[in-house]
Amino acid sequence: MRRTAIDWFLGACALGLGACETDDGTSNAAPLPSGDTDLPAPPVPPSSLPADGSEDDSGDGGGGGGLPPPGEGDSFLWVSSSPSGYVVKIDTREIAEIARYATGPTNPDPSRTSVSLRGDVAVANRHYGSVTKIAGSEDGCVDANGDGVVTTSRGAGELLEWGADECVLWFSDIRNRGGTGARGMSWEAVEEDPRLWIGWLDQAGVPTVERLDGTTGEVLDTLALSDQPGLAYGPYGGAADADGGFWFVLLGRPLYHVDAQTLEIVEYDNPASASFYGMTLDPQGNPWMAGLDGSVWRWAEGQFAEYPFDAEAYLRGIATNPQGDVFAAVNEPCGVLRIRQGESASDFVQIAGCAEPVGVSVDIDGYVWVIDYAASAAFKVDPTTDELLGQVEVVLPYTYSDMTGVGLRNQVVTVG
Ligand SMILES: [Ca+2]
């Protein structure tokens, strides 16, 4: 009998096969809950944290205010070298690392990254439960010691010790709040003063969602999900929508939405055969989940739709491009699954050197980046030719979130 996907996943962790997070706890193999599926929340007008600044209004992304249109502006990819405790900033056009930053004290084990519309980055650390903000450009850094210069990493392999890099802006200590891990996470899709949604697990095993002040890291709101016992992880993947709400999944369990204004949490129970892992939002704001069950799942119009790929495969991170094409990292076989916008069938892209893809993200130019843990590489793929354009070495990267920020940008920037 075939093992369940989660059994496999946890077994692989126990055997040190690499495809794993190294948290303690094995209870995600608990039976999946059943229950009624809630109806979707009605559409809400965009929440508007109105832009009141004046900087950089050049360019118009067609709905994104001062954001440059696709293909213009800087293009970076933020990938965690998880066991090394730092995050690497990659220039996607140069296909090269340009800086790296320590993400916390005492082996923080960074994983997810989230890039704001302005390019600032939040890094979720799993083991020293914490979140760290890093400025996306040097004009956002702070001369903390007042010596008149910004001391920061400015090159591949250049790593300052924790606390020394003046582009690291704040550190939110979840362990001091009784939590483990920070995983699912997303900035709000606003340009000025976005807040940051983060998810973690408290000491009683209760999944917890917080909304932080993005400028200071201060906790503004705290929410708990007390009806999901037996968890080893908190919110596993998350993404913010155009209304400021936060979608997230628990590993192998339901999909949730937090309303930005009321903070009401609505649960959308997963189909019995689904085992959600990565998640993203398409440009229409519909959640897509990659399943350890071998299928991609979409939530839209009040129901889940299944896009079967291969029941023996394990799908990990997932992303969409501005046109709505969907890409998911696939293990066994090794590569990337693609579902073109509006189509129900998927096709498969092989990658030379593929070993264990965990994450996928689309850059501002439309190229697909695949983060491969076991290959210690970030691969750049041309989705029109399926050609491998190059790769950047990152030691044991374990990032499968929206690591370019294009997924967030898709929520507010329309393309013609
Ligand atoms: Ca300084």
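Trainee: Does leucine 263 count as buried, exposed or partly exposed?

Mentor: This is a predicted model, in which leucine 263 sits in the loop between strand S15 (255–258) and strand S16 (265–268). A residue needs 20 or more other C-beta atoms within 10 Å to be buried, and 12 or fewer to be exposed. Because leucine 263 has 14 C-beta neighbours inside 10 Å, it counts as partly exposed.

Trainee: What is the phi of leucine 263, which is not a glycine?

Mentor: In the loop between S15 and S16, where leucine 263 is placed, the backbone deserves a careful look. Although leucine 263 is not a glycine, its phi is positive, with a value of about 65 degrees.

Trainee: Is glutamate 301 buried or exposed?

Mentor: Glutamate 301 belongs to the loop between strand S19 (295–300) and S20, and it has a positive phi of about 55 degrees although it is not a glycine. Since 8 other C-beta atoms lie within 10 Å of glutamate 301, this residue is exposed.

Trainee: How far apart in space are proline 308 and valine 296, C-alpha to C-alpha?

Mentor: Proline 308 has its place in strand S20 (residues 303–308), and because it has 16 C-beta neighbours inside 10 Å, it counts as partly exposed. Valine 296 is among the residues with the most contacts inside the largest nonpolar core. The two residues are 12 apart in sequence, and their C-alpha to C-alpha distance is 6.3 Å.

Trainee: How many of the residues of strand S22 (residues 326–331) are buried?

Mentor: On one side of S22 lie Val326, Ala328 and Val330, and on the other lie Phe327, Ala329 and Asn331, every one of them buried. In a regular strand the side chains alternate between the two faces of the sheet. Both faces of S22 are thus covered, and the count of buried residues in this mostly covered strand is six of six.

Trainee: Which residue in S23 is the bridge partner of alanine 328?

Mentor: S22 is joined by five bridges to strand S23 (residues 335–339), and the two run antiparallel. Alanine 328, one of the residues with the most contacts inside the 107-residue core, touches Ala290, Val296, Leu315, Gly317, Ile318, Val336, Leu337 and Val360 when residues up to four places away in sequence are left out. Its bridge partner in S23 is leucine 337.

Trainee: Which residue in S22 stands opposite tyrosine 314?

Mentor: Strand S21 (residues 314–320) pairs with S22 in the antiparallel sense over five bridges. Their hairpin has five residues between the strands, and within it glycine 324 takes a positive phi near 95 degrees. Opposite tyrosine 314 stands asparagine 331.

Trainee: Which proline does a cis peptide bond join to glutamate 332?

Mentor: The hairpin of S22 and S23 has three residues between the strands, and there glutamate 332 takes a positive phi near 55 degrees. The loop between S22 and S23 also holds proline 333. With omega at about 5 degrees, the cis peptide bond joins glutamate 332 to proline 333.

Trainee: Why is strand S17 (residues 276–281) largely enclosed by the rest of the structure, and how many of its residues are buried?

Mentor: S17 pairs with strand S18 (residues 287–291) in the antiparallel sense over four bridges, with leucine 281 standing opposite proline 287. In the hairpin that links them, which has five residues between the strands, glycine 285 takes a positive phi near 85 degrees. S17 is largely enclosed because its buried residues number six of six.

Trainee: Which strands are the edge strands of the open sheet S1-S2-S3?

Mentor: Three strands form this open sheet with antiparallel pairing, in the order S1-S2-S3. S1 and strand S2 (residues 86–91) pair over six bridges, and phenylalanine 76 stands opposite aspartate 91 in S2. Each edge strand pairs on one side only, and these are strand S1 (76–81) and strand S3 (96–102).

Trainee: What is the mean pLDDT of the protein?

Mentor: The protein has two helices and 28 strands, and buried residues make up 52% of its 416 residues. A pLDDT of 70 or more is reached by 83% of the residues, and the mean pLDDT is 86.

Trainee: Over which residues is the pLDDT below 50?

Mentor: The stretch in question has 103 contacts in the model beyond near neighbours in sequence. Its pLDDT is below 50, and it covers residues 1–64.

Definitions and conventions:
Residues are numbered from 1 along each chain as its sequence is written. This is a predicted model: local features need pLDDT of at least 70, side-chain atom pairs count only at pLDDT 80 or more; totals for chains, interfaces and linings use all residues. Two strands pair if DSSP finds at least two bridges between them. pLDDT is the predictor's confidence in each residue, from 0 to 100. Two residues are in contact if their C-beta atoms, placed from the backbone, lie within 7 Å. A nonpolar core is a set of buried Ala, Val, Leu, Ile, Met, Phe, Trp, Tyr and Cys residues joined through C-beta atoms within 7 Å.
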